[in-house]
Amino acid sequence: MLKLLLFLSLFAFLYSIFVGEYPDIGRAKNFLRKYILPLISAVVFFIIGKVIFISALSGLVLALPGWFIPGWITEWREKKEREKPRKLVKDFITGAAGLYGAGQLTSEVIRHSAERMPEPFASDFQEMLGRHNLDRTATFPLMLRQMGDKYKLKELYAVAAIIEASDRVGGPPAAARGLKKLNYAIQKKDKQLAERMKANIEPVLACKIAIFILGAGLILDATVLRDMYKEAPIMMAMGLFIVIGMLFAMKKLSSNADLE
């Protein structure tokens, strides 16, 4: 352990001398999330597949979903985290459209939203007002885009563009019309998403049933009937390949990235 720490200290010292700066933490995290974690996961699944399902070929087949699983988990977590902000931004757009329609200015709309919106948006809007009062270059469209980055909400980019355009031409009435059209577009998208999910219920359920039945059969083959496949491990790899194919088909059917 002491030798490892000395080596790391020497490496950091030499790196600072010859390179002069440390890598960006954000880029390092992105690289870790995008490549290192999937690689580690793929290796783990390869070992599991090779040990449980007899052959290295089975390990390679199982390594394929192993590579994607960290990304799927991250995607699912981010989607869950966006659920509340996405609902809040819809409420904000509806309320802002009404306030602009009544002739309110952007600062008044943001102030009203800071007073009426639940957390975390209330604090964000309050911070916007404070920044705008201290620094006039911190425009509301700019801060709304930054808020969109924070919550990964495309809707806030659209709101920022509408407000920015209305500041140049049309004023509050133009902002009200733009936000009403945006609200209609969001409602239409939500309806399409609900219809697609309804249409995919039966295929997704069929995939789940098939994966369960075939998976149970594979577990039986790998345990009780293991001796039968020792001379022909490729058969077990083929069965595993079919299950993995069904898993990817179910993931494809459940994906609605074009509507989110």
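This is a short dialogue on reading some backbone and helix features in a predicted model.

Colleague: Where should I look for unusual backbone geometry?

Modeller: Most residues other than glycine have a negative phi, and most peptide bonds are trans. Exceptions are therefore worth listing.

Colleague: Which peptide bond is cis here?

Modeller: The bond from Glu119 to Pro120 is cis, and its omega is near 10°. Pro120 sits in the loop that joins α4 (106–116) to α5 (121–134).

Colleague: What is the sign of phi at Ile54 and at Lys152?

Modeller: Ile54 is not a glycine, yet its phi is positive, about 75°. Ile54 belongs to the loop between α2 (25–52) and α3 (56–101). Lys152 is not a glycine either, and its phi is positive at about 55°. Lys152 is in the loop between α6 (140–151) and α7 (154–168).

Colleague: Are these two residues buried or exposed?

Modeller: Relative accessible area decides that: buried is under 20%, exposed is over 50%, and partly exposed is in between. Ile54 has 24% relative accessibility, so it counts as partly exposed. Lys152 has a relative accessible area of 47%, so it is partly exposed as well.

Colleague: How do I check the length of a helix such as α7?

Modeller: Compare the expected span with the distance between the end C-alpha atoms. The 15 residues of α7 should span 21 Å at 1.5 Å a residue. The end C-alpha atoms of α7 are 22 Å apart, which agrees.

Colleague: Which residues of α7 are buried?

Modeller: The buried residues of α7 are Glu155, Leu156, Val159, Ala160, Ile162, Ile163 and Ser166. Viewed down the helix axis, they fall within an arc of 165°, so they line one face of α7. On the other side of α7, Lys154 and Arg168 are exposed.

Colleague: What covers the buried residues of α7?

Modeller: The cover includes α3, α4, α6 and α8 (171–199). After α7 comes Gly170, with a positive phi near 105°.

Colleague: At what angle do α3 and α4 pack?

Modeller: The angle between them is about 135°, and their axes are 10 Å apart. Angles over 145 degrees count as roughly antiparallel and those from 65 to 115 as roughly perpendicular. At about 135°, α3 is therefore oblique to α4. The crossing of α3 past α4 is right-handed.

Colleague: Which residues make the contact between α3 and α4?

Modeller: From α3 they are Phe92, Ala96, Leu99 and Tyr100. From α4 they are Thr106, Val109, Ile110, His112 and Ser113.

Methods:
Residues numbered from 1 in each chain as written. Predicted model: local features only at pLDDT ≥ 70, side-chain atom pairs only at ≥ 80, totals over all residues. Heavy atoms only, no water. Helix = DSSP H or I, 4+ residues; strand = E, 2+ residues; numbered from the N terminus. Buried < 20%, exposed > 50% of the residue type's maximum accessible area, 1.4 Å probe, protein only. Expected span 1.5 Å × (residues − 1). Arc of directions from axis to C-beta. Contact = heavy atoms within 4.5 Å. Axes fitted to C-alpha atoms, helices over the stretch in contact; angles between N-to-C directions. Parallel < 35°, antiparallel > 145°, perpendicular 65-115°, else oblique. Left-handed = near helix turned anticlockwise from the far one by under 90°.
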